[in-house]
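Me: I've got a structure open and would like to talk it through, one piece at a time. Can we start with a helix?

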Amino acid sequence: MKKIMVITPHADDVTISVGGAVIKWVEEDHEVTVVRVTNDDADCIGISTREEAVAINKAEAEEAYKVLGVSRTIHMGYVSDTFGGVDFLELREKFIWLIREIKPDRTLCFDLDGREEENMDHRVISYAMAEALWTSSFDLHHPEHFKEGLEPFCVPERLYYARVSDKANIVIDISDVIDRKFKSIQCQKAVMKNIFAQIRMRAEALGEDASVMDKYSIDEMVDKLFRAAAAEAGKKFGLQYAELLRDPGTGLLRDFIKV
Amino acid sequence: MKKIMITFPHADDVTINLGGLVRQWSNAGHEVYLVRITDDDADCAGIPTREEAIRINREEAEQAYSIIGAKKVIHLGYTSDTFGGIDFLGLREKIIKLLRQIKPNTSITFAMDGREEENMDHRITAYAVAEAHWTASFDLHHPEQFKGGLKPFCVGERLYFARVPEDNYGIFDVTDVMDTKIKAILSHKTVMKNYALQLKMRAQVLGLDTSFFNNNEQDVIIEKYMRKRFSGKDIPGSYEAIERLHNPSAGLDLLKYFK
């Protein structure tokens with residue numbers, strides 16, 4: 001049994017990008033902890049206050065993660081879409097603490113080399129987490145943690161997911177769990193409503209007639225959009241549906257030890 | 001007629017990288033809005049005060065933008081070469097407001113993933129504009145702007161330019177307007193003086209022959225350099241002068257899954 005720590009900047013990043021992988025890992029008896037960094041207080045449309053958005057998105061996220069089979073969810077509660085101005089070292093310190101507390105065999109986070117990444121939350125969280133992966137093993141980085149009984153810890157396996165998966169080297173066949181993945185995404189109704197509103201607005205801005213979306217419910221659009229994305233990911237590997245991850249490996253470590 | 005908004009940190013960024021395209025778009029009847037973020041207060045050589053540099057660079061910028069046919073110029077007045085320590089969310093907020101005011105069909109800025117990019121003003125501008133592209137369409141992001149009559153706005157077409165264009169960047173023939181572009185670049189006399197000086201200083205440190213710099217007027221040096229830099233002779237099409245733009249959404253059919 002492995003302990004797996006998945007970092008999701010926003011509630012839906014984990015369900016959309018790696019929901020199938022999480023389901024598979026849970027089925028293999030691994031223990032998955034999801035660290036949800038922001039509170040998604042702006043990821044909604046038509047909800048009048050941020051407080052209401054926070055409450056709705058948290059409740060829907062927990063429902064979604066339950067469908068995935070996640071053992072534990074940690075809500076860090078950062079304000080959404082503000083990471084271009086975040087206190088980076090404080091964020092990294094929180095990740096270090098969590099790594100030392102969870103002691104994961106594997107972590108999964110947004111890729112720090114992700115292309116076309118328009119979202120600073122994704123970029124900055126990936127930078128902070130990537131740096132926490134090794135600083136957590138330094139005994140002079142945040143020694144105050146050790147008074148709580150924690151110890152330096154080094155994460156052995158560090159996987160990444162990305163908006164544009166052109167550097168992926170791990171293919172996960174999610175064909176047998178695709179429906180559960182959609183069920184999980186469909187729990188996140190407020191966020192999904194916003195995603196489809198964004199698609200509609202951008203299509204209209206590009207001069208397209210978006211009325212084709214009118215005939216579908218949010219659940220139906222989730223199914224159509226993400227089924228197509230999973231099919232595209234699987235196509236070149238001969239799979240019906242897939243998710244793609246990147247494992248940068250351990251560099252010279254394995255060969256060096258042999259020498 | 002399209003509205004095109006180009007956001008760039010320094011006075012010469014747009015003239016050098018896109019001066020030909022701006023002239024062509026303007027000739028075709030499109031409206032080009034230029035958002036110059038910094039005041040270029042340090043981009044000079046031999047001017048004793050920053051105040052004087054600001055005044056001269058602004059005048060020269062406006063002359064250059066008039067030559068390439070910009071419809072409107074917005075000067076945000078940020079201090080130059082300080083974006084590594086900038087209030088990122090403050091900058092993003094200003095860009096969101098401009099997007100909601102101008103409502104451009106196309107928004108252009110520096111590429112987020114630009115290689116060999118030594119200038120943090122360029123990088124941070126890219127991140128802030130890219131994030132403003134979608135946050136401008138959220139109804140909970142800066143709702144105070146709606147009191148003035150603005151509304152959420154989503155940019156359809158998002159294009160990027162870079163110091164080192166990648167192979168997948170589009171190639172645009174600007175041969176017919178290259179002389180005009182050169183004239184515009186040379187209008188930035190103060191910035192170009194600094195530009196030529198930088199080239200000469202680096203050549204000196206590298207131990208190269210600097211007689212070219214000593215034997216030619218500034219305008220000749222800059223013109224030769226720019227014609228060489230934007231020559232398309234060595235790429236398919238063999239154009240005399242080109243500019244490069246990246247369109248990650250080229251062929252993007254957001255609605256294909258719902259049709």
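Me: Are E51(A) and K66(A) of α2(A) buried or exposed?
Reply: E51(A) and K66(A) are exposed, where exposed means 12 or fewer other C-beta atoms within 10 Å of the residue's own, buried means 20 or more, partly exposed is in between, and C-beta atoms are placed from the backbone. This is a predicted model, in which local features need pLDDT of at least 70 and side-chain atom pairs count only at pLDDT 80 or more, while totals for chains, interfaces and linings use all residues. Residues are numbered from 1 along each chain as its sequence is written, and chains are lettered from A and ligands numbered from 1 in the order in which they are written.

Me: And which residues of α2(A) are buried?
Reply: They are A53(A), V54(A), N57(A), E60(A), A61(A), A64(A), Y65(A) and L68(A). Because they cover an arc of only 150 degrees around the axis (judged by the directions from the axis to the C-beta atoms), they lie on the same side of α2(A), whereas E51(A) and K66(A) are on the other side.

Me: What do the buried residues of α2(A) pack against?
Reply: In chain A, they pack against α1 (11–27), β2 (31–38), β3 (72–78), α5 (178–187) and α6 (189–205), with contact meaning C-beta atoms, placed from the backbone, within 7 Å. Helices (H or I, at least four residues) and strands (E, at least two) are DSSP runs, numbered from the N terminus.

Me: New topic: which residue just after α2(A) takes a positive phi?
Reply: That is G69(A), with a phi of about 90 degrees.

Me: Which residues does I7(A) touch?
Reply: Leaving out residues up to four places away in sequence, I7(A) touches V35(A), V37(A), L108(A), C109(A), I125(A) and M129(A).

Technical notes
Contact = placed C-beta atoms within 7 Å.
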